[in-house]
Amino acid sequence: MKSVLNFGIALAFFVYFSDASTKCYEGKQRWDPEPVINNVTLVNCKSGYNCCYMISSLDGTEFGCYNDCPKDNNILSCGPDPKLGIQDIHYCYCKSHLDANCRPYLGDSKTH
Ligand SMILES: *[C@@H]1O[C@H](CO)[C@@H](O)[C@H](O)[C@H]1NC(C)=O
């Protein structure tokens, strides 16, 4: 019985991680200047789009799927390098929407 349970758990993990499509948040958030833009939704990426990105600038933050992902295992990478001294822009690539770096502001759920 226990091994059946273990198999079920292993299968659930396999199905979860072998899901071909990456999910990412897609859309834009901008609070300032008006008008406010906040149309970020969770989407299934097209095939070949295996990671997510976010890019933040003075005009707001954009989220989406990305197809030219960093190749190493340490897929999480953000930039630009602080040494470059560029302050108005910030970007990250993420493995999936679960990565906090590519998560939009979704509201403070604790207050509701
Ligand atoms: C979100 O809104 C921006 C600005 O209006 C628009 O350019 C963009 O296509 C929209 N994105 C989505 C996913 O609806």
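# Briefing: a nonpolar patch and five disulfides

Ile-55, Leu-84, Ile-86, Ile-89 and Tyr-91 make a nonpolar surface patch of about 410 Å². Keep in mind that this is a predicted model. Searching the whole structure turns up five disulfides, and the protein has one helix and seven strands. Here's the rundown, topic by topic.

**Overall layout**

- Going from the N terminus, the order of elements is α-β-β-β-β-β-β-β, made up of one helix and seven strands.
- Of the 112 residues in the protein, 28% are buried.
- If you take contacts between residues at least 6 apart in sequence, 46% of them join residues at least 24 apart.
- The exposed area of the protein comes to about 8300 Å², and 57% of that is supplied by carbon and sulfur atoms.

**The surface patch**

- One of the patch residues, Leu-84, sits in the loop between β6 and β7.
- Why does Leu-84 count as exposed? Its relative accessible area is 58%, and the cut-off for exposed is over 50%, so Leu-84 qualifies.
- Leu-84 shares the nonpolar patch with Ile-55, Ile-86, Ile-89 and Tyr-91.

**Strand pairing around β7**

- Strand β7 covers residues 90-94 and runs antiparallel to β4, with five bridges joining the two.
- For a concrete register point, Met-54 has Cys-92 in β7 as its bridge partner.
- β7 is also joined to strand β6 (residues 77-79), again antiparallel, through three bridges.
- On that side, Ser-77 has Tyr-93 in β7 as its bridge partner.

**Disulfide pattern**

- Count the bonded cysteines along the chain and the disulfides follow the pattern 1-4, 2-5, 3-6, 7-8, 9-10.
- The five disulfides come from a search of the whole structure; three of them, including the Cys-24 to Cys-52 link, are described below.

**Cys-24 to Cys-52**

- Cys-24 and Cys-52 are joined by a disulfide with an S to S distance of 2.0 Å.
- This pair links distant parts of the chain: Cys-24 is in strand β1 (residues 23-30) and Cys-52 is in strand β4 (residues 51-57), 28 residues apart.
- The Cys-24 and Cys-52 link is left-handed, with -90° about the S-S bond.
- Are these two cysteines buried or exposed? Cys-24 and Cys-52 are both buried.

**Cys-45 to Cys-65**

- Here too there's a disulfide, with Cys-45 and Cys-65 at 2.0 Å from S to S.
- Cys-45 lies in the loop between β3 (41-44) and β4, while Cys-65 lies in strand β5 (residues 60-66), so the disulfide ties together parts that are 20 residues apart in sequence.
- The link of Cys-45 and Cys-65 is left-handed, at -85° about the S-S bond.
- Both ends are tucked away: Cys-45 is buried, and Cys-65 is buried as well.

**Cys-94 to Cys-102**

- A disulfide connects Cys-94 and Cys-102, with S to S at 2.1 Å.
- Which hand does the link of Cys-94 and Cys-102 have? With 85° about the S-S bond, the link is right-handed.
- Cys-94 and Cys-102 are both buried.

Notes. Residues numbered from 1 in each chain as written. Predicted model: local features only at pLDDT ≥ 70, side-chain atom pairs only at ≥ 80, totals over all residues. Heavy atoms only, no water. Disulfide = S-S within 2.5 Å. Helix = DSSP H or I, 4+ residues; strand = E, 2+ residues; numbered from the N terminus. Buried < 20%, exposed > 50% of the residue type's maximum accessible area, 1.4 Å probe, protein only. Contact = heavy atoms within 4.5 Å. Areas by Shrake-Rupley, 256 points an atom, 1.4 Å probe, with all protein chains shown as cover. Pairing = 2+ DSSP bridges. Patch = residues over 30% accessible without salt bridge, like charges linked within 9 Å, V, L, I, M, F, W, Y side chains within 5 Å. Salt bridge = Lys/Arg side-chain N within 4 Å of Asp/Glu carboxyl O.
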